[in-house]
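Let's take a walk through a protein chain together. Have a look at the sequence and the 3D view below, and then we'll go through them step by step.

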Amino acid sequence: MADPFEVRMRFTHQLQHLNASINSSQKAAHYALKYRDMDEDLHSCILEQLERNSMNNRANIMYFIEHLCDMAQRENHLDFVHMIQRDILRVVDAVAPSDGSGAANVKVVRRVLNGLQHKSILIPDTVTEIEACLKERDTLPAHPALSPIEPNMQGDQQPSQTAVPKVNGVSRLDKRQIEQRIEEDRERHKRLRENIWAVNDEDDQEFERLWDDVSDIGEDDYIAAEEDAFERRQAVEVE
């Protein structure tokens, strides 16, 4: 039997190093399901990392939660799903706090909540209730927490290298974190576009969609076909 402390430490390390790639989320989800007998302890790790790490990492963990619930459903281990359902408000409060420091994560929360609702993990009433709270936290994109430079800083003044800058009591992301977030969001948007264009070969979804878009054959179609055939015969006779 694996050492619980070691399992917890390795899972924590995986959560701390999640990124925009699907592989990192799937790897952490596989690890959690591998040690499903410790699901309550691993769930507590998720909550702890959500409340302790940077806003970028919290966004990555939010995406990971959707992967974990999806895989847990497929493997019929619903304890992880039930714990997420129970603590979803705590999760949302950690990813997009009410103090405005997680304004950039509001869209992330909405996207994951919609995904969880689509997979029947969350009921519509719960999502609607949370959405009402998110409207108050969805501030302007130029939220001071995302600004790399203090608004009242003079041209030749440099920010402190040791202190974490704050505006109205809210910690801001440093320049490296902002660049990392932009890169991760770009990767996710790219993957989202790929998923939109993806077509399932087995059920001919694209064919069915195009077939539905085509109108029924009418008399005008037969007349147009006869005219085309007549023009082709004339072309052959001329040659």
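Of this chain's 239 residues, 36% count as buried. Keep in mind as you look around that this is a predicted model. The accessible surface of the chain adds up to about 15,800 Å², and carbon and sulfur atoms account for 50% of that surface.

What is the chain built from? You'll find 10 helices and two strands. If you follow the sequence from start to end, the order is α-α-α-α-α-α-α-β-β-α-α-α. How do parts that are far apart in sequence come into the picture? Take the contacts between residues at least 6 apart in sequence: 75% of them join residues at least 24 apart.

Now let's zoom in on a pair of helices. Helix 1 covers residues 4-16 and helix 3 covers residues 39-52. Their axes come within 10 Å of each other and cross at roughly 35°. The crossing of helix 1 and helix 3 is right-handed. On the helix 1 side, the contact uses Pro 4, Val 7, Arg 8, Phe 11, Thr 12, Leu 15 and Gln 16. Helix 3 brings Asp 41, Leu 42, Ser 44, Cys 45, Ile 46, Glu 48 and Gln 49 to the contact. Sort the residues of this contact by class and you get seven nonpolar, four polar and three charged ones.

Next, turn to helix 5 (residues 79-95) and helix 7 (residues 124-137). How would you describe the way these two helices run? Their axes come within 11 Å and cross at roughly 20°. Angles under 35 degrees count as roughly parallel, so helix 5 and helix 7 are roughly parallel to each other. This crossing, too, has a hand: helix 5 and helix 7 cross in a right-handed way. Where they meet, helix 5 offers Ile 88, Leu 89, Val 92 and Asp 93, while helix 7 offers Thr 126, Ile 130, Leu 134 and Arg 137. By class, that makes five nonpolar residues, one polar residue and two charged residues in the contact of helix 5 with helix 7.

One of those residues deserves a second look. Val 92 sits in helix 5. Is Val 92 buried or exposed? Its relative accessibility is 4%, and buried means under 20%, so Val 92 counts as buried. Leaving out residues up to four places away in sequence, Val 92 touches Pro 97, Val 109, Ile 130, Leu 134 and Arg 137. You can also compare sequence with space here: Val 92 and Leu 50 are 42 residues apart in sequence, and their C-alpha atoms are 9.4 Å apart.

Finally, let's visit a couple of loops. Asn 76 lies in the loop between helix 4 (55-74) and helix 5. Its phi is near 60°, a positive value in a residue other than glycine. With 61% relative accessibility, Asn 76 counts as exposed, because the cut-off for exposed is over 50%. Ser 120 is in the loop between helix 6 (106-118) and helix 7. Ser 120 is not a glycine, and yet it has a positive phi of about 65°. At 60% relative accessibility, Ser 120 counts as exposed.

Note on methods: Residues numbered from 1 in each chain as written. Predicted model: local features only at pLDDT ≥ 70, side-chain atom pairs only at ≥ 80, totals over all residues. Heavy atoms only, no water. Axes fitted to C-alpha atoms, helices over the stretch in contact; angles between N-to-C directions. Helix = DSSP H or I, 4+ residues; strand = E, 2+ residues; numbered from the N terminus. Parallel < 35°, antiparallel > 145°, perpendicular 65-115°, else oblique. Left-handed = near helix turned anticlockwise from the far one by under 90°. Contact = heavy atoms within 4.5 Å. Nonpolar A, V, L, I, M, F, W, Y, C, P; charged D, E, K, R; others polar. Buried < 20%, exposed > 50% of the residue type's maximum accessible area, 1.4 Å probe, protein only. Areas by Shrake-Rupley, 256 points an atom, 1.4 Å probe, with all protein chains shown as cover.
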